[in-house]
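Biologist: Please pick one part of this model and take me through it closely, side chain by side chain. Start with the charged residues, then work inwards.

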Amino acid sequence: MKESFWGAMIIVFAVISVGFIYFFQNVTNTDQQNYTLLKETTEAAMYDAIDQAEYNNNGNIKINAEKFIENFVRRYAENANLSNTYVIEIYHISEYPPKVSLMVKSTKSSNATGEIVDFDITNKVDAILETPY
């Protein structure tokens, strides 16, 4: 009888452990996906926002702020997870030299313990566009 209690306790412990692993893996994957998406989207939007007329006339690499914001929001919305809520905060855009500072906040909800638990995941990027001469 004593051995059967040990067996039942091991099975319960294994189920609880798998639940915790699934829960934390889901939150960690969400954070990594958000950061990678933020970094790649920022770089692509900066390249799309380069002012070609300024580059052709003076040789200066300059970005258009409105075009950057439009491209960033469009690209991020196309690739973001629809089950999360996102808040995009753009702190600073410098057209020349091209650099941006922005932050994306998302909320991840889980009810692994029977209660709804919300995690706020914040990713921040300060990007400077570097191009080879």
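Modeller: Aspartate 48 is partly exposed, with a relative accessible area of 30%. On that scale, buried is under 20% relative accessible area, exposed is over 50%, and partly exposed lies in between, using a 1.4 Å probe and protein chains only. Before going on: this is a predicted model, where local features need pLDDT of at least 70 and side-chain atom pairs count only at pLDDT 80 or more, while totals for chains, interfaces and linings use all residues. Residues are numbered from 1 along each chain as its sequence is written, and side-chain values use heavy atoms, with hydrogens and water left out.

Back to aspartate 48. Its salt-bridge partner is arginine 75, and the closest N and O atoms are 2.5 Å apart; a salt bridge here is a side-chain nitrogen of Lys or Arg within 4 Å of a carboxyl oxygen of Asp or Glu. Arginine 75 sits in helix α3 and aspartate 48 in helix α1, so the pair ties together parts 27 residues apart in sequence. Helices are DSSP runs of H or I with at least four residues, strands are runs of E with at least two, and both are numbered from the N terminus. Arginine 75 is partly exposed too, at 25% relative accessible area.

Right beside arginine 75 in the numbering comes arginine 74, which meets glutamate 78 in another salt bridge (3.6 Å, N to O). These two are four residues apart in helix α3, about one helical turn. Glutamate 78 is exposed at 54%, whereas arginine 74 counts as partly exposed at 38%.

The count of salt bridges comes to three. The one outside this helix joins lysine 105 to glutamate 89, with the closest N and O atoms 3.4 Å apart. That pair links distant parts of the chain, with lysine 105 in strand β2 and glutamate 89 in strand β1 (residues 85–94), 16 residues apart.

Now for the buried side of helix α3 (residues 65–79), where phenylalanine 68 and phenylalanine 72 lie four residues apart, about one turn. Both phenylalanine 68 and phenylalanine 72 are buried, each with a relative accessible area of 0%. The whole structure has three aromatic pairs. The rings of phenylalanine 68 and phenylalanine 72 have centres 5.9 Å apart and planes at 25°, so this pair is stacked. The rule: rings of Phe, Tyr and Trp (its six-membered ring) pair if their centres lie within 6.5 Å, and planes under 30 degrees apart are stacked, over 60 edge-to-face, the rest tilted. Phe68 and Phe72 also belong to one aromatic cluster with Tyr76 and Tyr86.

Tyrosine 76 reaches well beyond its own helix neighbours in the chain: leaving out residues up to four places away in sequence, it touches Asn34, Leu37, Leu38, Thr41, Tyr86, Ile88 and Val104. Touching means a contact, with heavy atoms within 4.5 Å.

Finally, the largest nonpolar core has 18 residues, and those touching the most other members are Leu38, Phe68, Phe72, Tyr76 and Val100. Such a core is a set of buried Ala, Val, Leu, Ile, Met, Phe, Trp, Tyr and Cys residues joined through side-chain atoms within 4.5 Å. The elements giving it two or more residues are α1 (2–48), α3, β2 (99–110) and β3 (117–128), with α1 giving the most, four residues.
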